[in-house]
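User: I am new to this structure and would like a friendly, close look at one part of it. Please walk me through the largest pocket and then set it in its surroundings.

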Amino acid sequence: MSTSQLTAPQTSKAAKGSKPRRERTRVMGAGKQLHAGPLTYIVLTVFALVSLAPLVWTAIAASRTDRRLAETPPPLWFGGNLFKNMERAWEEGGLGTAMFNTIFVAGMITISTVLFATLAGFAFAKLRFRFSGLLLMLTIGTMMVPPQLAVVPLYLWMADLGWSNQLQTVILPTLCTAFGTFFMRQYLLQALPTELIEAARVDGASSLRVVWHVVFPAARPAMAVLGLLTFVFAWNDFLWPIIALNQENPTVQVALNSLGTGYVPDQAVIMAGALLGTLPLLIAFLLFGKQIVGGIMQGAVKG
C-alpha cells in the first residue's frame, strides 16, 4: 500500500476537524463587541451639548432677574434667584393644581391610547374581516387632516355635552390616535407570528386570553415606546387645552400661559415656570428611560 493511500484518510479527517474550528472562530468573531473610536465620542458629545443647550439656558434665565436678562450681553452662568423665581411661578401660575391635572390627563390619555391602539393594531395586523384595508386607509387618512380644522366642531360638541372647563374635555378626543394604531399594526406584523396565535386557538384559548397572554407580551416593547411618546405629547399639548380650559382648572401649559400675561411680563419667572413644567418629564425619563430603551432593543432582537 502506498504512502499516499495511508495519508489520505488522515488528511480528510484533518479537513473535517478544521471546519468546526473555522465556524467557532467566526462565531467568536461575530460575538465580539464593537468599540467606538474617538470621533464617535466627539460627535456624540457635540450632539448632547447642543440638545442640552435650551434646557441649560432656561435654568440660567430662571436663576436671574428680569432686569439682568434684558442687559447685553446676556448672562452665561447661573444666578442666585432660582428658588425665589420658582416659588413665584408656583404661586402666581397655580402650578400645584396644574401639575395634578396634567398628570391625571396625561396618564389617562397614555393608558387609553396604548390599550386601544394595541387592540386596533392587532386587529388590522392579524385578523381578517371585511373592509379592513379600507378602514386602515381611513385611519391613516385622518393623520393628514390638520387638527386646527377640528377645533370649532369639537368645542361645540363638548359645549353641548356640558363639559366646558372640565378635564374630560381634554381626555376624550385623544383616547386613541391614528398614529398609535398604525404604529402598533406595523410592529405586530413582524413581532407576532401568526402560528403563535393559531397554537393558542388550538389549545382552546379565547380571544381575550389570546390578547392578554400572547399579544400584550409580544407588543410590550412597542407599547412602552408608544406610551412614552403619548405621555410627552399629552403633557406638552397646548392648543386644545388653552381653548377648552381656563385658569380655574388648568393644565401645566395653560398655567404657564398665565405667567406671560400683564403689562410687563417677568421673563425670569416665566422661565422658572417652564423649568418646573419640564422637570416631571425629565424625572420620568431618568427613572424609566433604561427600561424603555431595553424594551426597544429587546423588540429589535426578537423581530
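Analyst: Let's begin with how far the model can be trusted. Of the elements of the protein, α5 has the highest mean pLDDT, 91, and helix α1 (residues 3-30) the lowest, 47. Here pLDDT is the predictor's confidence in each residue, on a scale from 0 to 100, and helices (H or I, at least four residues) and strands (E, at least two) are DSSP runs numbered from the N terminus. This is a predicted model, in which local features need a pLDDT of at least 70 and side-chain atom pairs count only at 80 or more, while totals for chains, interfaces and linings use all residues. Residues are numbered from 1 along each chain as its sequence is written, and side-chain values use heavy atoms, with hydrogens and water left out.

Averaged over the protein, pLDDT is 81, and 83% of the residues score at least 70. Residues 1-20 fall below 50, and this stretch has one contact (heavy atoms within 4.5 Å) beyond near neighbours in sequence. Residues 22-31 also stay under 50, with zero contacts beyond four places in sequence. Where pLDDT is low, the predicted coordinates should not be read in detail.

Now to the pocket itself. On a 1 Å grid over the protein atoms alone, a pocket is an open set of points with protein on both sides within 12 Å along at least five of seven lines, whereas a cavity is a set where a 1.4 Å probe fits but cannot get out; lining residues have an atom within 4 Å of a point. Points are joined across faces, edges and corners, and a volume is the space filled by probe spheres set on them. By that recipe, the largest pocket comes to about 970 Å³.

Its lining is made of 26 residues, and those nearest the centre are Pro 147, Pro 173, Thr 174, Thr 177 and Phe 233. Two or more lining residues come from each of α5 (95-126), α7 (151-160), α9 (178-191), α11 (207-236) and α12 (239-244). The biggest contributor is α11, which gives five residues. By class, the lining has 19 nonpolar residues, six polar and one charged. In this count, Ala, Val, Leu, Ile, Met, Phe, Trp, Tyr, Cys and Pro are nonpolar, Asp, Glu, Lys and Arg are charged, and the others, Gly among them, are polar.

Which elements each supply at least two residues to the lining of the largest cavity? They are α5 and α11, two helices that also line the largest pocket. The structure holds one cavity of 30 Å³ or more, with a volume of about 30 Å³. Thr 102, Val 105, Ala 234, Trp 235, Asp 237, Pro 241, Thr 251 and Gln 253 line that cavity. Four of these residues are nonpolar, three polar and one charged.

Thr 230 gives a closer view of α11, the helix in which it is found. With 9% relative accessibility, Thr 230 is buried, a word that means under 20% relative accessible area, with exposed over 50% and partly exposed in between (1.4 Å probe, protein chains only). Apart from neighbours within four places in sequence, Thr 230 is in contact with Ile 109, Thr 110 and Thr 113.

Another buried residue is Ile 197, with a relative accessible area of 10%. Ile 197 sits in helix α10 (residues 194-202). Beyond four places in sequence, its contacts are Phe 122, Lys 126, Leu 192, Val 210 and Val 214.

After α5 comes a loop leading to α6 (132-141), and Phe 131 lies in it. Phe 131 has a phi near 60 degrees, a positive value in a residue other than glycine, and at 60% relative accessibility Phe 131 is exposed. Most residues other than glycine have a negative phi. Asn 165, in the loop between α7 and α8 (168-171), likewise has a positive phi near 60 degrees.

To set the pocket in the whole: the protein has 14 helices and zero strands, and 32% of its 303 residues are buried. Among contacts between residues at least 6 apart in sequence, 71% join residues at least 24 apart. One salt bridge (a side-chain nitrogen of Lys or Arg within 4 Å of a carboxyl oxygen of Asp or Glu) turns up in the whole structure. It joins Glu 92 and Arg 88 at 3.2 Å, N to O, and both residues lie in helix α4 (residues 82-93), four residues apart.
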